[in-house]
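Please open the model in your viewer and keep the sequence panel visible beside it. The tour below moves from one selection to the next and says what to look for at each stop.

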Amino acid sequence: MAQVMAADIDAASLQRLQAEDARAATFVCDVSRRSQVEALVAAAEQQFGGLHAMLNCAGYLRAASLLEASEEMLDRIVDINLKGVFYGCQAAVPALRRSGGGAIVNWSSVNSVVAEPNTSAYSATKGAVLMITK
Ligand SMILES: NC(=O)c1ccc[n+]([C@@H]2O[C@H](COP(=O)([O-])OP(=O)(O)OC[C@H]3O[C@@H](n4cnc5c(N)ncnc54)[C@H](O)[C@@H]3O)[C@@H](O)[C@H]2O)c1
């Protein structure tokens, strides 16, 4: 049976998860920080004795037109959706190799290939996730 470590920036959500299942392994992690993603993978390896799969799922969506998107909003979307997935892959690959192999699943979106109004920043990062994965 697979052992799973749930990671999120939202500590309260992780606490609720543990309240539902005391055996749930959790880790507070901001995926936009490379050091925190590395610490997450290290914790999973230490707790489970190895890493066999990584799901990069954290995402952030704010809708705004191209002209209205603020610098702060764009930074946040890129930091979480693009850098977060990149850091997740960078941290996971060495650990997966140490375990003899495994899989990485990167959670993208239909917006990686389909355009919708007011989602240019989000869609750009989801297109990037597709290319990181390829
Ligand atoms: N909901 C949809 O219709 C839809 C459609 C296509 C793709 N997606 C993608 O699916 C994934 C999940 O979407 P969702 O709808 O469940 O979103 P959600 O907002 O419900 O969940 C996103 C989770 O990511 C966490 N998160 C945000 N910033 C983080 C950070 N810096 N570090 C760690 N965790 C962070 C949030 O706390 C939250 O738990 C995202 O990648 C999203 O882009 C969602």
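Begin with the ligand and the shell of residues around it, bearing in mind that this is a predicted model. If you colour that shell by residue class, it divides into eight nonpolar, three polar and four charged residues. In total 15 residues surround the ligand, and the closest of them are Asp 8, Asp 30, Cys 57, Tyr 122 and Lys 126.

Stay with the ligand and display its polar contacts one at a time. Select Asp 8 first: an N or O atom in the side chain of Asp 8 is 2.5 Å from an oxygen atom of the ligand. Moving on to Ile 9, look at the backbone, where a polar atom lies 3.3 Å from a nitrogen atom of the ligand. Cys 29 likewise offers a polar backbone atom, which is 3.3 Å from a nitrogen atom of the ligand. With these contacts on screen, you may wish to switch to a surface representation: the ligand taken alone exposes 820 Å², and the protein buries 57% of that.

Next, select strand 1, residues 5-8, together with strand 2, residues 25-28, which pair in the parallel sense over four bridges. Which residue of strand 2 is the bridge partner of Ala 6? Thr 26 is that partner, and if you step along to Ala 7, its bridge partner in strand 2 is Phe 27. Now add helix 1, residues 11-20, and follow the chain from strand 1 through this helix to strand 2, a β-α-β crossover that is right-handed.

Within helix 1, pick out Ala 12. Ala 12 is partly exposed, because its relative accessible area is 36%, a value that falls between the limits of 20% and 50%. For a sense of distance across the model, draw a line from the C-alpha of Ala 12 to that of Arg 62: the two residues are 50 apart in sequence and 22 Å apart in space.

The following stop is strand 3, residues 53-56, whose side chains are worth showing as sticks since they alternate along the strand. Met 54 and Asn 56 point to one face and are buried, whereas Ala 53 and Leu 55 point to the other face and are not buried. Bring in strand 4, residues 103-106, and you will find that strand 3 and strand 4 pair in the parallel sense over four bridges. Asn 56 can be traced across this pairing to Asn 106, its bridge partner in strand 4.

Adding helix 3, residues 71-98, completes a right-handed β-α-β unit with strand 3 and strand 4. Leu 96 has its place in helix 3, and this residue counts as buried because its relative accessible area is 7%. From Leu 96, look across to Ala 63, which is 33 residues away along the chain; the C-alpha atoms of the two are separated by 35 Å.

Continue into the loop between strand 4 and helix 4, residues 120-133, and select Ser 112. Is Ser 112 buried or exposed? At 19% relative accessibility Ser 112 counts as buried, since the cut-off for that class is under 20%. A polar atom of the Ser 112 side chain lies 2.7 Å from the backbone oxygen of Ser 109.

In this loop between strand 4 and helix 4, also select Asn 118. The backbone of Asn 118 deserves a look, as its phi is positive, at about 65°, although the residue is not a glycine. With a relative accessible area of 41%, Asn 118 is partly exposed.

End the tour in helix 4 by selecting Met 131. Met 131 is exposed, because its relative accessible area is 55%, and the class begins over 50%. To connect this last stop with the loop you have just left, measure from C-alpha to C-alpha between Met 131 and Ser 112, which are 19 residues apart in sequence and 9.3 Å apart in space.

Technical notes
Residues are numbered from 1 along each chain as its sequence is written. This is a predicted model: local features need pLDDT of at least 70, side-chain atom pairs count only at pLDDT 80 or more; totals for chains, interfaces and linings use all residues. Side-chain values use heavy atoms; hydrogens and water are left out. A residue is near a molecule or strand if one of its heavy atoms lies within 4 Å of it. A polar contact is a pair of N or O atoms within 3.5 Å; within protein, one must be able to donate a hydrogen and the other to accept it, and residues adjacent in sequence count only if both atoms are side-chain atoms. Accessible areas come from the Shrake-Rupley method with a 1.4 Å probe; for residues, only the protein chains shown count as cover. Ala, Val, Leu, Ile, Met, Phe, Trp, Tyr, Cys and Pro count as nonpolar, Asp, Glu, Lys and Arg as charged, and the others, Gly among them, as polar. Two strands pair if DSSP finds at least two bridges between them. Helices (H or I, at least four residues) and strands (E, at least two) are DSSP runs, numbered from the N terminus. A crossover is right-handed if, with the strands pointing away from the viewer, the path from the first strand over the helix to the second runs clockwise. Buried means under 20% relative accessible area, exposed over 50%, partly exposed in between (1.4 Å probe, protein chains only).
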